[in-house]
Amino acid sequence: MTTLYLFGSAAPPVLEVAEVIKAGQHRGWDVCLALTPAAARWLEADLPALEELTGHPVRSEYKLPGEPDAWPPADVILFAPATFNTVNEWALGLTSKFVVGVVAEAIGKEIPTVAMPCVNSAYARHPQFHRSVDALRASGVTVLYSEGGFVPNRPGERPQEGYPWHLALEAVDAVVGARP
């Protein structure tokens, strides 16, 4: 069974994470969910149900030294939605958040990783964001941004067609299918 680490930041599509978990399980994946601390606050009331759904603790903090790891090792990681802040922290190696630390280390461990940002067009115009996307892509991360991925919306608006979760899941399918 393929183990998928599903990570999410505090952007509106994170509220749809239960359906994404179910879609991953339908594909035969063992899904482990982790969230940025802000996303965990957004989903606080849902965390027990999400833990029951995945069969694993939902994580948003680093474990203490000496504590056993509660999750099986990852075969693939999907980070979606990934906010402006998270993408930049990851590309710059700023790992104070558990989810960012895991994906930063995944680059060196060569764990296949797919990321799909969720940023508005004002954030997307910031020059650091494009440098960060380029840096992650150069490090081997599949970043679904622009054509074939997330296309930024205007500030305060949500895309009419919704967040393209199907593209993220298809990208993970492709990575899983390409593994020996």
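The legends below describe several views of one predicted model.

**Figure 1. Overall view of the chain and its elements.** The chain of this predicted model holds eight helices and five strands, and when it is followed from the N terminus these elements come in the order β-α-β-α-α-β-α-α-β-α-α-β-α. The radius of gyration is 15 Å, close to the 16 Å given by the globule rule for 180 residues, so the chain is as compact as a globular protein of that length. Along the principal axes, the C-alpha atoms fill a box of roughly 40 × 35 × 35 Å.

**Figure 2. Burial, surface and contacts in the chain.** Of the 180 residues in the chain, 48% are buried. The accessible surface of the chain is about 9000 Å², and carbon and sulfur atoms account for 53% of that surface. When contacts between residues at least 6 apart in sequence are considered, 78% of them join residues that are at least 24 apart.

**Figure 3. Close-up of the tilted pair of phenylalanine 7 and phenylalanine 98.** The count of aromatic pairs in the model comes to 13. In the pair shown here, the ring centres of phenylalanine 7 and phenylalanine 98 are 6.3 Å apart and the ring planes stand at 50°, an angle that is neither under 30 degrees nor over 60, so the pair is tilted. Because phenylalanine 7 lies in strand S1 (residues 2-8) and phenylalanine 98 lies in helix H5 (residues 98-109), the pair ties together parts that are 91 residues apart in sequence. Phenylalanine 7 is buried, with a relative accessible area of 0%, and phenylalanine 98 also counts as buried, at 6% relative accessibility.

**Figure 4. Close-up of the stacked pair of phenylalanine 84 and phenylalanine 129.** These two residues form an aromatic pair that is stacked, with 6.1 Å from centre to centre and 25° between the planes. Phenylalanine 84 belongs to helix H4 (residues 84-92) and phenylalanine 129 to helix H7 (residues 127-138), and the pair thus links distant parts of the chain, 45 residues apart. Both phenylalanine 84 and phenylalanine 129 are buried.

**Figure 5. Close-up of an aromatic cluster and a charge over a ring.** One aromatic cluster is formed by Tyr5, Phe7, Tyr62, Trp71, Phe79, Trp90 and Phe98, and Phe7 and Phe98 in this cluster are the residues of the tilted pair. At tryptophan 71, which is one of the cluster residues, the charged end of arginine 59 sits over the ring, 5.5 Å from the ring centre.

**Figure 6. Close-up of the cis peptide bond before proline 81.** The peptide bond that leads from alanine 80 to proline 81 is cis, and its omega is near -10°. Proline 81 itself is part of strand S3, which covers residues 76-82.

**Figure 7. Close-up of glutamate 110 and serine 146, each with a positive phi.** Glutamate 110 is not a glycine, and yet its phi is positive, at about 60°. This glutamate 110 is found in the loop between H5 and strand S4 (113-117), where it is exposed, with a relative accessible area of 68%. Serine 146, likewise a residue other than glycine, has a positive phi near 75°. The loop that holds serine 146 runs between strand S5 (142-143) and helix H8 (165-178), and serine 146 is partly exposed, with a relative accessible area of 32%.

Terms used: Residues numbered from 1 in each chain as written. Predicted model: local features only at pLDDT ≥ 70, side-chain atom pairs only at ≥ 80, totals over all residues. Heavy atoms only, no water. Phe/Tyr/Trp six-rings, centres within 6.5 Å; stacked < 30°, edge-to-face > 60°. Helix = DSSP H or I, 4+ residues; strand = E, 2+ residues; numbered from the N terminus. Buried < 20%, exposed > 50% of the residue type's maximum accessible area, 1.4 Å probe, protein only. Lys NZ or Arg CZ within 6 Å of the ring centre and 35° of its normal. Rg over C-alpha atoms; globule rule 2.2 N^0.38 Å. Contact = heavy atoms within 4.5 Å. Areas by Shrake-Rupley, 256 points an atom, 1.4 Å probe, with all protein chains shown as cover.
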